[in-house]
Each structure stands twice: as C-alpha cells, then as structure tokens.
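Thanks, everyone. Let me put the model up, and then we can walk through it.

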Amino acid sequence: MTDKVPDPLNPAAAAAAEWWRGAVIYQVYPRSYADTDGDGIGDLAGITAHLDHIASLGVDAVWLSPFFTSPMKDFGYDVADYCDVDPVFGTLADFDRLIARAHALGLRIITDLVLAHTSDQHPWFGDSRRSRTGPRADWYVWAEAKPDGAPPNNWQSVFAGGAWTWDARRGQYYLHNFLPEQPQLNLHQPAVQDALLDVARFWLERGVDGFRFDAINFALYDPLLRDNPPAPPGGKRTRPFDYQARIHNQSQPGIPAFLARVRALMDLYPGRFSVAEVVGPDAEREMQAFTEGQDHLNSAYGFSYLYADELTPELVRTANAAWDGRPGQGWPAWAFSNHDAPRAVSRWAGGRDPDRFARMAMLLLMALRGNVFLYQGEELGLPQAEVPLERLVDPEAIANWPETLGRDGARTPMPWRADAPHAGFSTAEPWLPVDPRHPPLAVDRQDTDANALLNLTRRLIALRKDQPALRLGTLRFLEAPTPLLAFERAHGDEVLTCVFNLGDETVVWAPPGENTLLDSVNADAADPAVHNPLSGRIGRRRAI
C-alpha cells in the first residue's frame with residue numbers, strides 16, 4: 001500500500017486505494033454492546049449477531065475497544081495477553097467468526113492496541129519484577145528511590161496520585177501513568193518495540209484492517225526522570241495530574257520514530273489503517289507529527305470535541321484550522337462522543353431539545369473534513385446515563401465523583417428492544433444499569449420510524465458517501481454572524497455550502513451564491529436565508 005494523496009478528479013480510484021480517507025467508523029465498546037451468554041457482560045458473539053445493524057448504517061468500518069485477556073482493572077486497557085481473547089468476551093474462534101461476518105457485510109474491523117503499558121498480570125511484568133538481571137529486566141520503567149525513600153520524581157498519574165509504585169521484590173519503584181496495575185512499558189528498549197510489533201503482526205495475520213493506538217503519546221518517557229514543572233495557571237483541575245506540565249512523562253520526541261516502525265509493518269498488509277489517540281495540552285502538534293508524510297500513521301484521533309463543554313463556531317474553527325491539507329500532512333479524525341467522554345448530547349444540549357440537538361450535531365459531524373468516529377448509541381441520540389454511586393465501576397469515575405460525569409455513564413448497555421428486560425442487552429442484570437431514558441430510544445423503536453434519528457443517521461452517512469466533497473474535499477470557513485457556523489467543502493468543480501445555527505434564536509443570513517439543497521435538519525426548506533435554532537443545511541453550488 002502507498003500513501004499518496006488521492007487524485008481529486010478520480011474519487012472512485014482514491015476510495016479504492018485508501019478506503020479510510022473520509023471514512024465513517026463505528027465504535028463498539030464490547031462490554032456494553034450485546035450479551036449472548038447471560039452473564040450481564042457484552043461479548044464478541046453479541047457484536048457478530050448485531051453486525052447487520054452496523055452495516056445498515058452505511059459505515060465503512062468498526063472499531064472494537066479492547067477484548068484481550070485482562071484482569072479488567074481498567075476494563076481491558078490493562079492487557080495481560082495481547083494475543084488472546086478474555087473469556088468474558090469469548091474465544092479467538094469467536095473473533096474469527098466476527099471478522100468473517102464483518103468482511104462478508106463489507107465492514108472492516110479495527111482493533112485497539114494498547115502499546116504504552118500492560119497489566120501487572122502480564123507475564124512480561126512478572127519476569128521484569130522478578131530480577132534486575134533477567135532478559136526482561138528493563139522491559140518496564142524501574143527507578144531507585146531517593147535517599148529518603150521517596151519516589152524518583154514528581155510525576156503524577158492520570159487516575160489520581162503519584163505515578164510511581166514501590167515493588168519490594170525488586171526494591172525499586174515502577175512507573176505507571178494510569179493505574180498502579182498498568183505498569184509502563186519501556187519502549188526505549190528495542191526488544192520491547194519488537195515484541196509489540198509481533199503483537200500487531202499477530203492480529204494483521206488474523207485479518208484485522210487496522211489499529212487505533214491507545215494513549216500513544218505516553219509511549220516514551222524522559223530517561224533522565226526529570227521533574228515536571230507546574231502547569232500554567234487556569235483550566236479545570238480535579239486531579240494532581242492536572243497541576244503539572246507533563247513534558248517528561250509523555251509527548252517525547254522519539255515517538256514518531258517508533259510509529260515509523262509500526263507503519264513499515266502495516267505497509268506489508270495492503271489497505272490497513274492506523275490512527276493515533278492523542279490527548280493533552282500539546283495534542284495538536286503531536287497529531288501532526290504522528291501522521292506526517294508517508295512513513296507515519298494515517299490519521300490522529302483528537303479530543304478537541306470530546307472534552308469541550310460547549311459546541312460553538314469557534315470550537316469547530318479551532319479544531320479544524322491546523323488541518324489544511326498541505327503536502328505531507330496526515331488526515332484528521334473527529335468524534336463527538338466515545339467511551340472516555342460524556343455523551344455529546346448531554347454535554348452540549350444545555351437544556352435544549354436533545355433530539356433536535358442530536359440531529360443538528362449528526363449533520364455537522366458528517367460534514368467535517370477527516371474521518372468520522374460514531375460511538376455506539378450516538379445513532380440513537382442516547383443521553384449520558386445516570387449511574388448511582390453504588391453502581392460505579394470505572395476507577396476514574398469513582399476517584400473523581402461527583403466532580404466529573406465520569407466514563408461509566410457513556411458505557412451503559414446498548415438498548416436493542418424497548419420492551420425487553422434490560423432493553424434486550426442481556427437476560428441478566430447488566431454490569432452497568434440501563435438508564436430508564438434509553439429503552440424508548442431503542443433500535444427496534446427507531447428502526448421502523450422513518451423520522452427517527454436512527455434513520456436520519458443512515459441518510460446522512462449515505463449523503464457523505466455519495467458526495468466526494470464531503471468525504472475527500474477541502475474545507476474553507478465562511479464569515480457568518482454568530483452563532484452561525486458556515487463553511488464550504490470543495491472537490492473538483494463541486495462546492496457544498498454547509499450552514500449550521502448552533503444557537504437558540506433564528507438568524508437570517510444568505511450564504512454566497514445559489515445553492516441547491518442536498519439535505520437539512522430542523523431547517524426552513526422554503527427560505528435558505530432563514531436558519532432556525534439548532535438547524536443545519538447543506539447545499540450544492542458550482543465553484544466560481
């Protein structure tokens with residue numbers, strides 16, 4: 001596979017060579033999608049049984065959050081065996097059946113790979129902590145205590161508390177940027193990189209179509225173990241982690257070189273896709289570096305929208321400004337919701353009609369330049385679930401309750417049948433409760449309702465696939481009165497004008513040129529200059 005910029009005049013050839021460019025990718029959180037064995041936890045067989053639903057959306061691919069062997073301290077992001085399926089999710093044979101069924105439906109499968117850390121139950125860590133001189137002694141990040149017994153430096157972990165834990169067997173501290181049960185791999189060691197590339201090769205040989213690399217900007221650390229300086233004033237701070245400028249335990253300059261090794265491996269398997277998860281104050285620069293040229297990853301997954309408290313024209317302008325399509329630049333990826341952030345309709349609707357807001361947001365998401373990630377239940381307009389304190393299981397949610405909405409509320413079971421126990425997710429009590437607001441939005445209710453958000457989502461994904469300007473085109477912002485957001489998507493001689501009213505009052509404004517309406521939500525179809533609250537409109541005009 002090559003990574004040339006596709007010929008703008010031949011979109012069919014470009015799509016065949018690079019299916020992922022401008023693709024819509026549906027994220028499945030396996031624990032919460034569908035349970036087939038009655039233990040209250042979703043499994044791979046449940047995903048396979050519902051691939052028809054995913055295919056009906058018209059998406060290009062499915063991203064699966066981790067299903068690897070794990071003690072589940074961080075629900076799969078603490079991997080104890082990279083090359084096997086945790087029994088709670090099924091078996092490797094179940095995964096093979098999932099891949100086969102997905103490919104038969106024209107869906108590609110992307111899996112998470114967690115390369116910065118493992119579980120403390122991984123055999124590699126067992127070997128590493130056993131001896132300072134063994135073959136894997138340096139596969140993790142170990143350091144001596146300070147003379148007074150204190151940790152080696154001031155680094156803090158994401159989930160609250162210091163980033164170092166004492167291990168009596170080695171008589172040293174080990175680094176963990178997340179939970180103590182997630183020790184940091186030492187990717188400064190070539191043997192560790194080689195082992196991780198072998199993991200990627202295992203799944204590529206098994207037929208996966210790409211990887212999403214979790215927390216990849218934590219992959220390396222400063223070997224000098226220098227203290228992090230204080231963070232600049234301002235911003236919301238709920239954890240010790242937020243008080244530091246994390247310049248020494250993440251965002252290290254050697255990460256792109258490792259990603260070049262990953263890309264070289266993936267290029268041996270034509271048509272594979274790679275996307276980095278990048279979060280942090282320096283995310284924009286890192287996203288560009290991780291995707292630069294033809295020898296790094298294809299795309300980067302940003303958090304500009306996921307952690308935003310409000311959807312504004314300025315947010316969209318800022319998020320997209322750096323991705324101008326210059327030569328050698330990678331391809332952005334956008335999501336409004338995922339398993340790590342409260343659902344967008346709850347963050348952004350702000351007391352307004354959630355259905356109306358969800359429709360406008362779906363049209364906007366499908367109009368952006370880049371890859372689109374659609375989180376399970378987003379096609380139904382699910383609000384953030386309310387999970388009582390006694391039912392919380394996510395370590396971040398528990399540690400920060402009630403200061404943040406946490407992650408559990410975005411991870412509750414998918415509602416399949418409105419009138420079935422547990423909304424058709426399982427015959428047993430689910431691992432997280434079903435919010436009573438979710439069953440009325442279930443798939444079976446919306447599937448037969450032509451006006452439901454589910455069917456609007458299908459229509460808008462089809463629109464994106466049918467219009468090369470939406471999938472592959474450039475994006476240029478237009479000057480429009482606040483709270484309007486207006487931009488053009490252009491491809492060849494086709495120009496689409498996209499106008500969204502993100503506010504609460506009707507705005508009258510005529511976009512440039514004469515536009516033939518392609519689609520709209522919550523809009524006044526009779527007058528293209530009248531923009532209702534929470535409305536969106538896409539029209540076509542000829543390039544001038």
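How much space lies in the largest cavity? About 160 Å³. Keep in mind that this is a predicted model.

Let me stay with the cavities. There are two of 30 Å³ or more. The largest has 14 lining residues. Nearest its centre you find Ser337, Ala344, Val345, Ala358 and Glu378. Which helices feed that lining with at least two residues each? Look at α10, residues 344–348, and α11, residues 354–367. Helix α11 gives the largest share, with five residues. As for chemistry, ten of the lining residues are nonpolar, two are polar and two are charged.

Now the second largest cavity. Its space is about 30 Å³. Around it sit Tyr29, Pro30, Arg31, Ser65, Pro66, Phe75 and Phe89. That lining splits into five nonpolar residues, one polar and one charged.

Next, helix α7. It runs over residues 255–266, twelve residues in total. What span should we expect? At 1.5 Å a residue, the expected figure is 16 Å. The C-alpha atoms at the two ends are 17 Å apart, so expectation and model agree.

Which residues of α7 are buried? The list is Ile255, Pro256, Phe258, Leu259, Val262, Arg263, Leu265 and Met266. Note that Arg263 is on that list. Why do we place these residues on the same side of α7? Because their arc around the axis is only 165 degrees.

And what covers them? The cover includes two helices, α6 at 190–205 and α8 at 283–291. It also includes two strands, β9 at 210–214 and β10 at 273–277.

That brings me to α8, and to one residue in it, methionine 287. Is methionine 287 buried or exposed? Its relative accessibility is 3%, so it counts as buried; the cut-off is under 20%.

What does methionine 287 touch, leaving aside neighbours within four places in sequence? Its contacts are Val278, Ala300, Tyr301, Gly302 and Trp323. Three of those names run in a row: Ala300, Tyr301 and Gly302.

One last distance. Methionine 287 and glycine 330 are 43 residues apart along the chain. Their C-alpha atoms are separated by 8.4 Å.

To recap. The largest cavity holds about 160 Å³, and α11 supplies the largest share of its lining. The buried residues of α7 lie on the same side of that helix, because their arc is only 165 degrees. Methionine 287 in α8 is buried at 3%. Over to you for discussion.

Terms used: Residues are numbered from 1 along each chain as its sequence is written. This is a predicted model: local features need pLDDT of at least 70, side-chain atom pairs count only at pLDDT 80 or more; totals for chains, interfaces and linings use all residues. Side-chain values use heavy atoms; hydrogens and water are left out. Helices (H or I, at least four residues) and strands (E, at least two) are DSSP runs, numbered from the N terminus. The expected span of a helix is 1.5 Å times one less than its number of residues. Buried means under 20% relative accessible area, exposed over 50%, partly exposed in between (1.4 Å probe, protein chains only). The arc is that of the directions from the helix axis to the C-beta atoms. Contact means heavy atoms within 4.5 Å. On a 1 Å grid over the protein atoms alone, a cavity is a set of points where a 1.4 Å probe fits but cannot get out, and a pocket is an open set with protein on both sides within 12 Å along at least five of seven lines; lining residues have an atom within 4 Å of a point. Grid points are joined across faces, edges and corners, and a volume is the space filled by probe spheres set on the points. Ala, Val, Leu, Ile, Met, Phe, Trp, Tyr, Cys and Pro count as nonpolar, Asp, Glu, Lys and Arg as charged, and the others, Gly among them, as polar.
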